[in-house]
Amino acid sequence: MSFLDRIAECNTHDLADFLPFAIAGVRVGRVRARLARRLAAYDDVFTVGPDGLLLSPGLADPAARTRAVAPILRALAAEGAIGPWRGEAYAVGRRFGAEALMHLDRGAAPAFGVRAYGAHVNGYVRGRDGLRMWIARRSRGRPTWPGMLDNMVAGGQPAGLGLIENVVKEAGEEAGIPEALARTARPVGAVTYCQEVEERLRRDTIFCYDLELPLDFAPRNRDGEIEAFHLWPIARVMETVAETREFKFNCNLVCIDFFVRHGLTDPEDPDFVDIAAGLRARLCDP
């Protein structure tokens, strides 16, 4: 196995059975044909035609669209037909930062194949023994990817919150990092991927941050989502990413991006260009 394997796993999809999803004439996602046919039963909200799944033009503003769609999605989530309801609103629009056309619950975003966003923080230290990275292990009681390895701080990007504010919030909740320290996290770019998972399509962008921590600081979880933190030599992190599937799938990309940016991968490696390019894959534009 290799870094390219981890990248490929995040970009495996077959779009043949997905229909475009459009709001107000703007294509914003892709929906599995089976789900689209089911949604068409709610004909005052959705229609299916030659152009795919469309939101009713009678829903003329973001608030009306959000109100109309939410109870339908709650019912589908309760049946297990889409992802579990998360109680966190994601903005749906043309691109990041654009005016929202509507809001979807975080758990429903992959079912509609809309672009979703998150922020992950690489926590690391520099000591006499070299570079080391803080690794989180997810709680075994979590409904998604229980017990898997994770970046030190990671979370989805909810509507109405700035990126650095989200980093500060997640850093405090997940790792007990004081706000002043969290605000020193450096934005260093983004990774993207398009992954088909069961009936859904993840078209995600993760904004990456690096946070160099004091040698005497140790993260402490506060919200129950992290079971433990481990401070690993960077060589162990690289080996674990390349040779196992112990990390939550998209955290691999964030780690590999760190390795590339910090000169830990060799540009003379025949796979180097493919690795660097693969971290910013096309998002299966609708």
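## From a loop glutamate to the pockets

Glutamate 198 lies in the loop that runs between β11 and β12. In this predicted model, glutamate 198 has a positive phi of about 55°, although the residue is not a glycine. Is glutamate 198 buried or exposed? With a relative accessibility of 59%, glutamate 198 counts as exposed, because the cut-off for that class is over 50%.

A second loop, the one between β8 (130–138) and β9, holds tryptophan 145, and here too a residue other than glycine has a positive phi, in this case near 45°. Tryptophan 145 has a relative accessibility of 27% and therefore counts as partly exposed, since that class covers the range between under 20% and over 50%. Strand β9, which follows this loop, is the place of asparagine 151. Asparagine 151 has a relative accessible area of 2% and is therefore buried, and its side chain makes a polar contact, at 2.7 Å, with the side chain of histidine 120.

Tryptophan 145 leads on to the largest pocket, since it is listed with Arg86, Arg106, Arg202 and Lys248 as lying nearest the centre of that pocket. The general principle behind such a description is that rolling a probe the size of a water molecule over the atoms shows where empty space is left. The space in the largest pocket comes to about 810 Å³, and 42 residues line it. The elements that give two or more residues to this lining are α4 (109–112), β7 (115–127), β9 (149–151), β10 (153–156), α5 (163–175), β11 (186–197) and β12 (200–212). Which of the elements gives the most to the lining of the largest pocket? That element is β12, with 7 residues. By residue class, the lining of the largest pocket divides into 18 charged, 14 nonpolar and 10 polar residues.

The second largest pocket has a volume of about 320 Å³, and its lining is made up of 24 residues, of which Ala91, Arg95, Phe96, Gly97 and Tyr117 lie nearest the centre. Two or more residues of this lining come from each of β2 (26–32), β5 (89–92) and β7. The lining of the second largest pocket divides into 14 nonpolar, 4 polar and 6 charged residues. Strand β7 is thus named for the linings of both pockets, the largest and the second largest.

Helix α5, one of the elements that line the largest pocket, contains glycine 172. Glycine 172 has a relative accessibility of 14% and so counts as buried. Between the C-alpha atoms of glycine 172 and arginine 236, which are 64 residues apart along the chain, the separation is 26 Å.

Strand β2, already met in the lining of the second largest pocket, also belongs to a sheet. Strands of a sheet pair through backbone hydrogen bonds, either parallel or antiparallel. In what order do the 4 strands of this open sheet stand? The order is β2-β1-β4-β3, and the pairing is mixed. The edge strands, each of which pairs on one side only, are β2 and β3 (46–49), and the twist from one strand to the next averages 30°.

Within this sheet, β1 and β2 pair in the antiparallel sense over 6 bridges, and phenylalanine 18 stands opposite arginine 32 in β2. The hairpin of β1 and β2 has 2 residues between the strands, and in it alanine 24 takes a positive phi near 50°. Strand β1 (residues 18–23) also pairs with strand β4 (residues 52–55), here in the parallel sense and over 2 bridges, with leucine 53 in β4 as the bridge partner of phenylalanine 21. Although β2 is an edge strand, it is mostly covered, with 6 of its 7 residues buried.

Helix α8 (residues 249–261) is likewise mostly covered, 11 of its 13 residues being buried. The buried residues of α8 form a list that runs from Phe249 to Phe259, including Cys251, Leu253, Cys255, Ile256 and Phe258, and also Asn250, Asn252 and Asp257. For reading such a list, it helps to recall that an α-helix has 3.6 residues a turn, so residues three or four places apart point the same way. Just after α8, glycine 263 takes a positive phi of about 70°.

Conventions: Residues numbered from 1 in each chain as written. Predicted model: local features only at pLDDT ≥ 70, side-chain atom pairs only at ≥ 80, totals over all residues. Heavy atoms only, no water. 1 Å grid on protein atoms, 1.4 Å probe; cavity = no way out; pocket = protein on both sides within 12 Å on 5 of 7 lines; lining within 4 Å. Points joined across faces, edges and corners; volume = space filled by probe spheres on them. Nonpolar A, V, L, I, M, F, W, Y, C, P; charged D, E, K, R; others polar. Buried < 20%, exposed > 50% of the residue type's maximum accessible area, 1.4 Å probe, protein only. Pairing = 2+ DSSP bridges. Axes fitted to C-alpha atoms, helices over the stretch in contact; angles between N-to-C directions. Polar contact = N/O pair within 3.5 Å; in protein donor to acceptor, adjacent residues only side chain to side chain.
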